[in-house]
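User: I would like a close look at one part of this model, with the cut-offs given where they matter. Please treat it as one connected account.

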Amino acid sequence: MSAPIDLELKKAFSELQVKMIDTQQKVKLADLQIDQLTRVQKHAKLTHAEIATLSDNTRLYEGVGRMFILQLKEEINDQLKDKQKTADEKIKELEKKVYLERSVKEAEDNIREMLLSRRAH
């Protein structure tokens, strides 16, 4: 009777291992994306602060590919604010990775319960 139990436990452990590896990769990817978005947000904030010190009649150019386009100060400020807002929303969305960690914990708990129930019998 211990053979089916061992196979069942072995299967459960292998599933948990696959799930943990997958989750760890997803969490690392989320962390990297958060870091990158934080840099984008900081860059936009610093650029906005630098542009704010310039006078309104200063000519500002936006880099587009290999060329530069003359833009109004307000347009550039709006674009920078949008970039910050978008990055902030994406960061908040990525920080919901707690769900991934919780799903691994639930799988671990299920295996622990299985082990305890086997020992009780």
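With which residue does lysine 92 form a salt bridge, and how far apart are the closest N and O atoms?

Analyst: The model is predicted, so local features require pLDDT of at least 70 and side-chain atom pairs pLDDT 80 or more, while totals for chains, interfaces and linings use all residues. Residues are numbered from 1 along each chain as its sequence is written, and side-chain values use heavy atoms, without hydrogens or water.

Lysine 92 forms a salt bridge with aspartate 88 (a side-chain nitrogen of Lys or Arg within 4 Å of a carboxyl oxygen of Asp or Glu). The closest N and O atoms of lysine 92 and aspartate 88 are 3.7 Å apart. Both residues belong to helix H2 (helices are DSSP runs of H or I with at least four residues, numbered from the N terminus). Lysine 92 and aspartate 88 are 4 residues apart there, about one turn of the helix.

The two partners fall into separate classes of accessibility (buried is under 20% relative accessible area, exposed over 50%, partly exposed in between; 1.4 Å probe, protein chains only). Lysine 92 counts as exposed because its relative accessibility is 52%. Aspartate 88, with a relative accessible area of 29%, is partly exposed. Lysine 92 can also be placed relative to a residue far off in the sequence: alanine 30 is 62 residues away along the chain, yet the C-alpha atoms of lysine 92 and alanine 30 are separated by 11 Å.

The pair in helix H2 is best read beside others of its kind. Searching the whole structure gives 4 salt bridges. One of them lies in helix H1 (residues 2-52), where lysine 26 and aspartate 22 sit 4 residues apart, about one turn of the helix. The closest N and O atoms in the bridge between lysine 26 and aspartate 22 are 3.4 Å apart. Lysine 26 is partly exposed, at a relative accessible area of 41%. Aspartate 22 is partly exposed as well, at 34%.

Helix H3 (residues 98-120) is the next element to consider. Within helix H3, arginine 112 and aspartate 109 are 3 residues apart, which means a separation of about one helical turn. Their side chains meet in a salt bridge, with an N to O distance of 3.3 Å. Arginine 112 has 46% relative accessibility and therefore counts as partly exposed. For aspartate 109 the value is 31%, which also puts this residue among the partly exposed.

Other residues of helix H3 are buried and lead back to helix H1. Valine 104 lies in helix H3 and counts as buried because its relative accessibility is 10%. Once residues up to four places away in sequence are set aside, valine 104 touches Leu16, Lys19, Met20 and Thr23 (heavy atoms within 4.5 Å). Isoleucine 21 is 83 residues from valine 104 in sequence, and the C-alpha atoms of the two are 9.7 Å apart in space.

Threonine 23 gives the view from the other side. This threonine is placed in helix H1. With 7% relative accessibility, threonine 23 counts as buried. Apart from neighbours within four places in sequence, threonine 23 is in contact with Leu100, Glu101 and Val104. The pairing of threonine 23 with valine 104 thus appears in the contact list of each residue, because both lists name the other partner.

Serine 103 adds one more reference point. Serine 103 is located in helix H3 and is buried, with a relative accessible area of 13%. Methionine 20 is 83 residues away from serine 103 in sequence, while their C-alpha atoms lie 9.2 Å apart in space. Methionine 20 is also one of the residues touched by valine 104.

Returning to the starting point, the bridge in helix H2 joins lysine 92 to aspartate 88. Its lysine is exposed at 52%, and its aspartate is partly exposed at 29%.

Key. Helices (H or I, at least four residues) and strands (E, at least two) are DSSP runs, numbered from the N terminus.
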